[in-house]
Amino acid sequence: MASWIEKTEHFFQKVRALSPETKYEIGNAVVVAGICSIFMFPGYPGLWMSMLIVGSIIKKRFRWVKKKGYRFGHRKDKRRGQTVKKGPLTDEQIVRFARIKGGVITPAELALETSLSVEEAEERLIKLHSKGFNEIKVSDKGFVVYDFHCVLPSLDDKINAKKLDSF
C-alpha cells in the first residue's frame with residue numbers, strides 16, 4: 001500500500017505534467033464554476049467564494065500563457081499571430097520540460113512542444129544521455145523513453161535526505 005507521501009507526489013506529478021495552457025483553462029473553468037455556484041448555492045458563500053478565489057489564483061499564475069503565446073522554443077509574432085522560432089533550445093530547457101512532464105519524456109513529446117523535429121529531439125536527448133542527464137528505457141509497447149529521474153530527485157528523496165557532515 002502506497003504511503004500518503006507517494007500518493008501526493010504521484011498526484012502532483014500528474015498535475016505538473018499538464019501544459020500551462022491546460023492549467024490556465026482549468027483556472028477559467030473554476031472561475032466559471034464559482035460564478036455558477038453563486039446562483040445554484042446562494043446559501044453557501046464559502047463554497048463559491050473559495051472557487052472564485054482559487055480559480056483567480058490559477059489564472060493569475062498562468063496569465064502569461066495568454067500574453068506570450070507559450071510554447072517551449074517558440075514565441076508568438078504579435079504582428080501576424082504566427083508562431084516563430086525563438087532560438088536554440090538549451091539543455092536546461094529540455095530538463096525543465098522533462099520535469100514538467102513528470103521526469104519521463106519521448107522525442108515526439110519534446111518535438112511537439114519545441115521548435116525541434118523528432119529526429120533533432122532524439123539527437124538532443126541522446127546527447128543528454130551521454131552527459132548523464134537521463135536514462136534510456138523502453139516501454140511495454142516499444143516506445144523509447146528518456147527518464148530524467150537520475151537528476152530530478154523525488155519528493156520522498158528530498159524529505160528523507162540526511163545532513164552532510166562538515167568538510
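Read along the sequence, this protein follows the pattern α-α-α-α-β-β-α-β-α-α-β-β-α. That gives 8 helices and 5 strands, where helices (H or I, at least four residues) and strands (E, at least two) are DSSP runs numbered from the N terminus. The model is a predicted one, in which local features need pLDDT of at least 70 and side-chain atom pairs count only at pLDDT 80 or more, while totals for chains, interfaces and linings use all residues. Residues are numbered from 1 along each chain as its sequence is written, and side-chain values use heavy atoms, with hydrogens and water left out.

Let us start with the whole chain. Of the 167 residues in the protein, 28% are buried; buried means under 20% relative accessible area, exposed means over 50%, and partly exposed lies in between (1.4 Å probe, protein chains only). Contacts, meaning heavy atoms within 4.5 Å, can also be sorted by how far they reach along the chain. Among those between residues at least 6 apart in sequence, 49% join residues at least 24 apart.

Now find the sheet. It is an open sheet of 3 strands in the order 3-5-4, with antiparallel pairing; two strands pair if DSSP finds at least two bridges between them. Strand 3 (104-105) and strand 4 stand at the edges with a single partner strand each, so one side of each has no neighbour in the sheet. Strand 4 (residues 135-138) and strand 5 (residues 144-147) run antiparallel and are joined by 4 bridges. Within this pairing, V138 stands opposite V144 in strand 5. The two strands form a hairpin with 5 residues between them, and G142 in the turn has a positive phi of about 95 degrees. On the other side of the pattern, 2 bridges join strand 3 to strand 5, again antiparallel, and V104 has D147 in strand 5 as its bridge partner. In a regular strand the side chains alternate between the two faces of the sheet.

A helix accompanies these strands. Helix 7 lies across strand 3, strand 4 and strand 5, running at about 45 degrees to strand 5; axes here are lines fitted to C-alpha atoms, for helices over the stretch in contact, and angles run from 0 to 180 degrees between N-to-C directions.

Next comes the interior. The largest nonpolar core has 15 residues, and those with the most contacts inside it are I94, I105, L110, L116, A121, L125 and F148. Such a core is a set of buried Ala, Val, Leu, Ile, Met, Phe, Trp, Tyr and Cys residues joined through side-chain atoms within 4.5 Å. Helix 5 (91-100), helix 6 and helix 7 each supply at least two residues of this core, and helix 5 gives the most, with 4 residues.

Two of these core residues are good places to pause. I94 sits in helix 5 and is buried, with a relative accessible area of 0%. Leaving aside residues up to four places away in sequence, I94 touches L89, L110, R124, L125, L128 and F148. The C-alpha atoms of I94 and L110 are separated by 7.8 Å, although the two residues are 16 apart along the chain. F148, with the same sequence neighbours left out, touches I94, V95, A98, G103, I105, L125, L128, F133 and N134.

Look now at the loop between helix 6 (107-113) and helix 7 (118-130), where you will find T114. T114 counts as buried, at 4% relative accessibility. A polar atom of its side chain lies 2.5 Å from the backbone oxygen of L110, and the side chain of T114 also reaches the backbone nitrogen of L116 at 3.3 Å.

Finally, turn to earlier parts of the chain. E25 belongs to helix 2 (residues 20-40) and is partly exposed, at 47% relative accessibility. Its C-alpha atom is separated by 9.0 Å from that of I58, 33 residues away along the chain. There is also 1 aromatic pair, counted when ring centres of Phe, Tyr and Trp (its six-membered ring) lie within 6.5 Å, with planes under 30 degrees apart called stacked, over 60 edge-to-face and the rest tilted. The rings of F41 and Y44 have centres 6.4 Å apart and planes at 70 degrees, so this pair is edge-to-face. F41 is partly exposed, at 36% relative accessible area, whereas Y44 is exposed, at 55%.

Technical notes:
Polar contact = N/O pair within 3.5 Å; in protein donor to acceptor, adjacent residues only side chain to side chain.
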